[in-house]
Amino acid sequence: MLANRSFHGVLHPPPPHFTRSNSYTHSLSSSFSPRSETTPLLPPSLSTGPSNKRRSSLFCIQAQSEPSESTSDAAALYTQPFSAKIPVGDRHSSSGKKGKEEMSSTVGQVIRCKAAVAWEAGKPLVIEEVEVAPPQKMEVRLKILFTSLCHTDVYFWEAKGQNPLFPRILGHEAGGIVESVGEGVTELAPGDHVLPVFTGECKECAHCKSEVSNMCELLRINTDRGVMIHDGKSRFSINGQPIYHFVGTSTFSEYTVVHVGCVVKINPLAPLDKVCILSCGISTGFGATVNVAKPTKGSTVAVFGLGAVGLAAAEGARVSGASRIIGVDFHANKLQRAKQFGVTEFVNPKDYTKPVQEVIAEMTEGGVDRSIECTGHIDAMISAFECVHDGWGVAVLVGVPHKDAVFKTHPINFLNERTLKGTFFGNYKPRSDIPAVVEKYMNKELELEKFITHQVPFSEINKAFDYLLKGESIRCIIRMEH
């Protein structure tokens, strides 16, 4: 997936009547199913790191990058050690004094704790006692206080479409506290409040030094890797048997070890049971809108797929001042919930005999100003692109399609100055940008509570899977029981 790349025609546009050619287009059909956000963050074929140069397209188009928004001052604030130390565990755990004593006694030692282990594909997770080794060079060991369940966890738990890797500790949205740090770690210290993130920022590679990319060469997501980068070994074990990591985070454990480049230091006053959901889906959808689509005040926006990522994209449109936000989904019962996130109109493709892009174009006198696709279904991607207005419309692809999917549209749609972009993690650089997103929440510029529909104790983590599979939850917070 390309981050923040623009594709648009630079030739003189042909006559308008060529803009939508159904002979070159898949109409939105029943294959655009309720699996709206069960696709992985990246399919294995695209997640093998910088060595993967695989690209495919139906026609040649010129890529050009656009600068991303400048980093907020708040981001710089949390890259330095805090002058005032907040007691470990603060209001979310035991007393600060006791917490610090416990942490000081575990530094450099193997920690035995509880973790929810996935032993087999699709089988309920089992709470086990695991051993968590001390952090090695450029690693951090975290005490997880809150974690949440994302569709990506479910996708890999079900082992759909990738190499099964079990036993494994899943989980990648979480908030916690630094317990100890390994050799070479200077930006973090025990007691710091942090968010682990599935993709990283080494701050040394060409991508990290670029102002427009967040695709770190060293730490970009690798869904097949089940070990640490430093030595190719797992930090988890049960009676000597290694237990695999998941996307470098494995937050379904009371303690986990993460590369320092995937750990975001945040304001210690931010409630971890709320901001933990910024580790993945909410930032992905919100950032896709505010950082990549960039709708202006009064503009029209279409959002395809109203799961957690799609609702976060709608929230981004609402915050940006969009006058109309059109939600597109097969499930009409999502409309009432979507209204909380700014959705003003709802389109169910099943209610029409014509392609949904034509329906939206008629509703908006030629097309929406911006569209954000959050399903990963190729038909929805095509519709999201073809429903934007010629001359200035911008479509942003967020969902990850099947590895064999092919995007088909007539080149005329580009020559008529429609723009197609792709994005990864909302174009946020994790360590540099996410602290500022946390500050948006702290300043009441971003609402997170409405994304949280359920809470369960860690011992009942399988209930979170049930809620998500039944379509009842947006985000379920899983409370650790230290």
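Buried, in what follows, means under 20% relative accessible area. With that said, this is a predicted model, and I will go through its salt bridges, its nonpolar cores and its cysteines.

Salt bridges first. The structure holds 20 of them. Take R318 and E315, whose side chains meet at 2.7 Å, N to O. Both residues sit in helix α7, three residues apart, which is about one turn of the helix. E315 has 0% relative accessibility and therefore counts as buried. R318, at 32%, is partly exposed.

Now K334 and D329. They also form a salt bridge, with the closest N and O atoms 3.4 Å apart. Here D329 is buried at 3% relative accessibility, while K334 is partly exposed at 22%. Back to the earlier pair: E315 and R318 belong to one network with E447 and K450, joined by salt bridges that share partners.

What about R141 and E179: buried or exposed? R141 counts as buried, at 0% relative accessibility, and E179 is buried as well, also at 0%. Their side chains meet in a salt bridge at 2.6 Å, N to O. This pair links distant parts of the chain, with R141 in strand β5 (residues 139-148) and E179 in strand β6 (residues 173-181), 38 residues apart.

On to the cores. In soluble globular proteins, nonpolar side chains tend to be buried together. The largest nonpolar core here has 109 residues, and the members touching the most others are L195, F252, V275, L278 and I372. Helix α7, residues 308-319, gives the largest share, seven residues. Where does this core lie with respect to domain 1 and domain 2? It lies between them, because domain 1 (111-279 + 448-479) and domain 2 (282-424) both contribute residues.

I372 is worth a look on screen. Beyond its neighbours within four places in sequence, I372 contacts ten residues' worth of partners that I will list in part: among them A288, V301, F304, A313 and V398. There is also a second, separate core of 22 residues, including I326, V328, I378 and L397.

Last, the cysteines. How many disulfides are there? The count is zero. The sulfur of C202 has its closest cysteine sulfur in C216, at 3.6 Å, and that is too far for a bond, because the cut-off is 2.5 Å. Both cysteines are out of the way of solvent by the accessibility cut-off: C202 is buried at 17%, and C216 is buried at 0%.

Terms used:
Residues are numbered from 1 along each chain as its sequence is written. This is a predicted model: local features need pLDDT of at least 70, side-chain atom pairs count only at pLDDT 80 or more; totals for chains, interfaces and linings use all residues. Side-chain values use heavy atoms; hydrogens and water are left out. Buried means under 20% relative accessible area, exposed over 50%, partly exposed in between (1.4 Å probe, protein chains only). A nonpolar core is a set of buried Ala, Val, Leu, Ile, Met, Phe, Trp, Tyr and Cys residues joined through side-chain atoms within 4.5 Å. Helices (H or I, at least four residues) and strands (E, at least two) are DSSP runs, numbered from the N terminus. Domain bounds come from an automatic or database domain assignment. Contact means heavy atoms within 4.5 Å. A salt bridge is a side-chain nitrogen of Lys or Arg within 4 Å of a carboxyl oxygen of Asp or Glu.
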